[in-house]
Amino acid sequence: MTRSMAAVGWRFDNSYARLSELLCTPADPVPVRTPGLVLLNEPLAAELGLDAGLLREAGAAIFAGNELPPGAEPIAQAYAGHQFGHFTNLGDGRAILLGEQLTPAGHRRDIQLKGAGRTRYSRGGDGRAALGPMLREYVVSEAMQALGIPTTRSLAVATTGEVVMRTTPLPGAVLTRVASSHIRVGTFQYAAAVGRRDLLEALLEHAIARHDPELADLDAGDRPVAFLEAVVERQAALVARWMLVGFVHGVMNTDNMAVSGETIDYGPCAFLDAYDPATVFSSIDEHGRYAYANQPAIAHWNLARLAESLLPLIPGEGDAVIERARGVLDTYPDRFAGHHLAGARAKLGLATAEAGDRPLFDELLERMHRAGADFTATFAGLTAAVQATASGQASAAPLPFPDWADAWRARLAREPAPAAEIAARMRQANPLVIPRNHRVEEALTAAEGGDRGPLKRLLDALRDPCTATAANEPYRGGPPPGCGKYRTFCGT
Ligand code: AMP
Ligand code: MG
């Protein structure tokens, strides 16, 4: 270890590696030919207690997997999952967990290299990742963070100097992913499938310690259901947030759902431009299982798989056990609806509640669908109208759907808050910029060709999505006409 390496600030404590050898396998990153640092997230480095200056100088070797930071104990995690409804044993086939960094604020954060070479779970895969998809995960996950939506983070992207073979040869890269944990619904499915109660129990205790420490005080028999309830609540809140910004995850397999409630595994995800609830971007989602509008129901289905996995730990006999789990699962639709309605009200500028609010929001979506209206721009337009009223100006652009807008204005008139306050609320709920598909593609194509300018500008534009800034001004518009249907690809 060099002196500067020690000074970087690594402070690992690897509780998952100690948990059970049945849940993970030691796995060293496979060194690459020529490590090169493409992106380093300096604010995130600082949050983690790492010296960004030293990482910029000497971090490429670590972020490409050629050198291990002090205290790392690299492992690949085992998990299972329902992929498009079919159960499979999986595991980290191209990701290696270096360890858990203890941050100055007292948090524990997984540091994982994605694309770091083959592991025991790679099956036929090469364990590698291409530069485009790793940059894409960096851009979209950091955009989600800026939107205030729980997500795994991206610390760095390093190139490998090697080629990965996909349908064409592509430049290889490694993404350093940061997460409050990588425990998935599929991790519980794996532990349950092993059929050892002690393993499942150990995983549950570990997950509780990391995500729901307040549950540790409950009786052992009450913890599984309380944990299930906590995950149900986090997922209901998370998926509501996705819906309210037009995010389509694209591959909501149970192995891609984290019990932390963070958005994880940015493969074929994308944001809506024109509002259409049936939107599917992923080229492999032939039947639209993970279409925009299906996401709330799919999350519920995935949570039922978590509930099943926890059944062996719930005390009682037969149906009584199932009923306890079902009692919690059945709260999901109302929890989701509650979060979604609260968010919908915020988008419309409403702080009070009336029974007509849900139909008012649904009616707007219905009209947007029929008109093919842009999701983000429509809500930004409503915000601009209220802002204009607040500052006593005429609205710059006419409101869409005039009779709907009349009903909305009548509803707003019953809000006690002044227009300026309503406008401020709407600004926070209605981003001006999202990672538009055509902008992401443009940035990735340029970066693959060696020009990082568009990528840096896009990242700058996404940093403060709810405020009009010089950096985001060029990024607010929708796709140019004739852009065609956007397609994304998985496992690339
Ligand atoms: P995903 O669809 O990205 O969630 O991946 C599903 C499974 O395939 C996970 O277990 C991954 O680790 C594995 N996988 C994806 N790409 C590769 C690859 N290039 N090499 C090995 N395993 C992979
Ligand atoms: Mg995955």
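Student: How far does a polar side-chain atom of D126 lie from a nitrogen atom of ligand 1?

Tutor: The structure is a predicted model, and every value discussed here is computed from it. In this model the separation between a nitrogen atom of ligand 1 and a polar atom in the side chain of D126 is 3.0 Å. The pair counts as a polar contact because the cut-off for N or O atoms is 3.5 Å.

Student: Which side chain has an N or O atom 3.3 Å from a nitrogen atom of ligand 1?

Tutor: That side chain belongs to R94. The backbone also takes part: a polar backbone atom of R128 is 3.3 Å from a nitrogen atom of ligand 1. As for burial, ligand 1 taken alone exposes 490 Å², and the protein buries 84% of that area.

Student: Which residues come nearest to ligand 1?

Tutor: The surroundings comprise 17 residues, of which G91, G93, D126, G127 and N256 come nearest. By residue class, the shell divides into eight charged, seven polar and two nonpolar residues.

Student: Why is ligand 1 said to lie between domain 1 and domain 2?

Tutor: The argument rests on which domains supply the shell. Domain 1 covers 3-179 and domain 2 covers 183-436 + 477-492; both give residues to the shell around ligand 1, so the ligand lies between them.

Student: How should one read aromatic pairs, and how many does a search of the whole structure find?

Tutor: In general, two numbers describe a pair of aromatic rings: the distance of the centres and the angle of the planes. Across the whole structure, the search finds 13 aromatic pairs. One of them joins F84 and Y290, with ring centres 5.0 Å apart and planes at 45 degrees, so this pair is classed as tilted. The pair links distant parts of the chain, as F84 and Y290 are 206 residues apart. F84 sits in the loop between β4 (80-83) and β5 (86-89), while Y290 sits in the loop between β12 (270-271) and α10 (295-310).

Student: Are F84 and Y290 buried or exposed?

Tutor: The relevant limits are under 20% relative accessible area for buried and over 50% for exposed. F84, at 25% relative accessibility, is therefore partly exposed. Y290 has a relative accessible area of 1% and is therefore buried.

Student: What is the geometry of the rings of F247 and F271?

Tutor: Their centres are 5.3 Å apart and their planes stand at 65 degrees, so the pair is edge-to-face. F247 belongs to strand β11 (residues 247-248) and F271 to strand β12, so the pair ties together parts that are 24 residues apart in sequence. Both F247 and F271 are buried.

Student: Which residues do ring pairs link into a cluster?

Tutor: The cluster consists of Y275, Y292, F361, F375 and F379.

Student: How should a positive phi be read, and what is the value for F84?

Tutor: As a general rule, most residues other than glycine have a negative phi. F84, which is not a glycine, has a positive phi near 50 degrees. Another such residue is F401, with a positive phi of about 50 degrees. F401 is placed in the loop between α14 (375-390) and α15 (402-412). Its relative accessibility is 16%, so F401 counts as buried.

Student: How far apart are L399 and G106 in sequence and in space?

Tutor: Sequence separation and spatial separation are read side by side. L399 and G106 are 293 residues apart in sequence, and their C-alpha atoms are 48 Å apart. L399 lies in the loop between α14 and α15, and at 18% relative accessibility it counts as buried.

Student: What separates the C-alpha atoms of A192 and L311?

Tutor: These C-alpha atoms are separated by 9.0 Å, although the residues are 119 apart along the chain. A192 is part of helix α7 (residues 185-194) and is partly exposed, with a relative accessible area of 26%.

Student: Where is A371 found, and how far is A371 from P400?

Tutor: A371 is found in helix α13 (residues 357-371). From A371 to P400 the C-alpha distance is 9.8 Å, for a sequence separation of 29 residues. A371 has a relative accessible area of 53% and is exposed.

Student: Is E21 buried or exposed, and in which loop is E21 found?

Tutor: E21 is exposed, with a relative accessible area of 72%. Its loop runs between α2 (15-19) and β1 (24-26). E21 and N302 are 281 residues apart in sequence, with their C-alpha atoms 26 Å apart in space.

Note on methods: Residues are numbered from 1 along each chain as its sequence is written. Chains are lettered from A and ligands numbered from 1 in the order in which they are written. This is a predicted model: local features need pLDDT of at least 70, side-chain atom pairs count only at pLDDT 80 or more; totals for chains, interfaces and linings use all residues. Side-chain values use heavy atoms; hydrogens and water are left out. A residue is near a molecule or strand if one of its heavy atoms lies within 4 Å of it. A polar contact is a pair of N or O atoms within 3.5 Å; within protein, one must be able to donate a hydrogen and the other to accept it, and residues adjacent in sequence count only if both atoms are side-chain atoms. Accessible areas come from the Shrake-Rupley method with a 1.4 Å probe; for residues, only the protein chains shown count as cover. Ala, Val, Leu, Ile, Met, Phe, Trp, Tyr, Cys and Pro count as nonpolar, Asp, Glu, Lys and Arg as charged, and the others, Gly among them, as polar. Domain bounds come from an automatic or database domain assignment. Rings of Phe, Tyr and Trp (its six-membered ring) pair if their centres lie within 6.5 Å; planes under 30 degrees apart count as stacked, over 60 as edge-to-face and the rest as tilted. Helices (H or I, at least four residues) and strands (E, at least two) are DSSP runs, numbered from the N terminus. Buried means under 20% relative accessible area, exposed over 50%, partly exposed in between (1.4 Å probe, protein chains only).
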